[in-house]
Amino acid sequence: MTGIPLLITFFLAIVLMIVAISKWKIHPFLSLMGTSLLLAIVVGLPLAKIPGIIGAGFSGTFASIGIVIILGALIGLILEHTGAAIRLADVVIRCVGEKHPQLAMMLMGWIVSIPVFCDSGFVILNPIRKAICKKIKGISPVGMAVALSGGLYTSHVFIPPTPGPIAAAGSLGVADNLAAVILVGICASIPALLAAYLFSLHIAKKNISVKETNEENALAEKDYDELVRSFGQLPGAAASFAPIVIPILLMALGSIVTMAGMQGVIVTGIKFLGTPIIALTVGLILAVYLLASTGKMKDFYDVTDQTMKTVGPILFITAAGGVLGKVITAAGFVEFMKANADFLASVGIFFPFLISAILKTAQGSSTVAITTTAGIMGMFSDSASMMTALGLNTEMAALLTVMAIGAGAMTVSHANDSYFWVVTNFTGMDPQDGYRTQTMMTFIVGIVSMAAIFLTSLVLL
């Protein structure tokens, strides 16, 4: 199958996958795998080769980012369990001051969501949001919620070790330079955070009511001192930051010595420590120290077990996204795109953004949108790459493409997104107000982020 029929078949397969996930409520893993198998058969791939193609796409994803995702998630859950996330938030509040509470909420959300999933981060930090609203009179709880949600979501889609950006980096061939992905993700966060902050100030002026907290959120009714005491002994600020900051510094240092072409035994050691798996292992060791220092080392097994249960579905969805990308490549879709390279080059970096945004809006999961789009764009073969067809075949182009996919995966959060319900339920908003706040915020931030990425590409590409 070639040409337009292949293109139509591909998009019909994507529509089928979206319907299966959002309408028929079939798990994303099964939807992705089923779509991949059906697409492989329909486009006429040799039956004898299909198992190998599926296996290669699946195992390739696990090999590149599987362990990294597990380590990042485990660090995040330990930060939750020890109360280190609370300590991080307290430090940010003191640094920013009480005159800018929404900025403080947004920044603490942005920091905490680097290792912690955004929905978990909102649950962790929401009690602090309520405590601050009680402490400082006249603050809009909705404006604070939007600021917190925006900060959490920004690092969730842009900055590793969150699974989505890691998966995208692996599919696009820049996982070995994860420090660069982190640096570009931080830069991409700036316009996103600015847009989220301005929107939170705007929405704070609107008359949006919230319901009283129910018994499930009784913790949020505590004042700040009670909230801190509920965690027992909190770790110090340096110990709380270390599991996040140290791995980032190690990866950055490893990238610097590699780019500088330095040699020697010490440099070899730095490169070793700077690889994502080793750097995050160091972060995990520091996180385990948090458990020991807070007297919760006995909970390590339970925390690890809970992490495996949380990460398992994400790993399988990520690998299934790689399978779909591998099937699409084997089917010749990329060759068709290369034959139309002149047109595609005019679309350029907007192509991954649009695909990711369509997937996100249709089926709700940012992780699914990122991993699926990254699988479609991925460099499975240097000679048959969607990136090449789009004129995005440099490392900087790959980095910006990861960001474009992340921007699309934020656009938009609505009723089919679990994060939408976390934000609205814990804030006490009804769904209609959720569309006015959470959905509109993610739409604005996604568009602003993509605009900034596009302007950056004009300068750097």
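1. Let's start with K25, which sits in the loop between α1 (3–22) and α2 (28–42). In this predicted model, K25 has a positive phi of about 60 degrees, although K25 is not a glycine. Most residues other than glycine have a negative phi, which makes this loop a good place to pause. K25 counts as exposed, at 65% relative accessibility.

2. A second backbone feature to look at is the peptide bond from T411 to V412, which is cis, with omega near -5 degrees. Most peptide bonds are trans. V412 belongs to the loop between α20 (395–408) and α21 (418–427).

3. Now for the overall fold. The secondary structure of the protein chain is made up of 22 helices and zero strands. Its radius of gyration is 22 Å, close to the 23 Å that the globule rule gives for 461 residues, so the chain is as compact as a globular protein of that length. Along the principal axes, the C-alpha trace spans about 65 × 60 × 45 Å.

4. How much of the chain is buried? Of the 461 residues, 56% count as buried. As for the contacts with a separation of 6 or more, 81% of them are accounted for by residues 24 or more positions apart.

5. G164 gives a local view of such a buried site. G164 lies in helix α8 (residues 163–171), and its relative accessible area of 3% is under the 20% cut-off, so G164 is buried. Its C-alpha atom is separated by 11 Å from that of A407, a residue 243 positions away along the chain. A407 itself falls within the range of α20 (395–408).

6. On the surface, the protein chain exposes about 18600 Å², and carbon and sulfur atoms supply 68% of that area. The chain has 24 positive and 22 negative charges, and the mean positions of the two sets are 3 Å apart.

7. Finally, a word on confidence. The mean pLDDT of the protein chain is 83, and 91% of its residues reach 70 or more. Which stretches call for care? Over residues 213–217, pLDDT stays under 50, and the model has four contacts beyond four places in sequence for them. Residues 379–383 also have pLDDT under 50 throughout, here with 14 contacts beyond four places in sequence. Where pLDDT is low, the predicted coordinates should not be read in detail. I would therefore treat the contacts listed for both stretches with that caution in mind.

Definitions and conventions:
Residues numbered from 1 in each chain as written. Predicted model: local features only at pLDDT ≥ 70, side-chain atom pairs only at ≥ 80, totals over all residues. Heavy atoms only, no water. Helix = DSSP H or I, 4+ residues; strand = E, 2+ residues; numbered from the N terminus. Rg over C-alpha atoms; globule rule 2.2 N^0.38 Å. Buried < 20%, exposed > 50% of the residue type's maximum accessible area, 1.4 Å probe, protein only. Contact = heavy atoms within 4.5 Å. Areas by Shrake-Rupley, 256 points an atom, 1.4 Å probe, with all protein chains shown as cover. Lys, Arg positive; Asp, Glu negative; His and termini not counted. Charge placed at Lys NZ, Arg CZ, Asp CG, Glu CD. pLDDT = per-residue confidence, 0-100.
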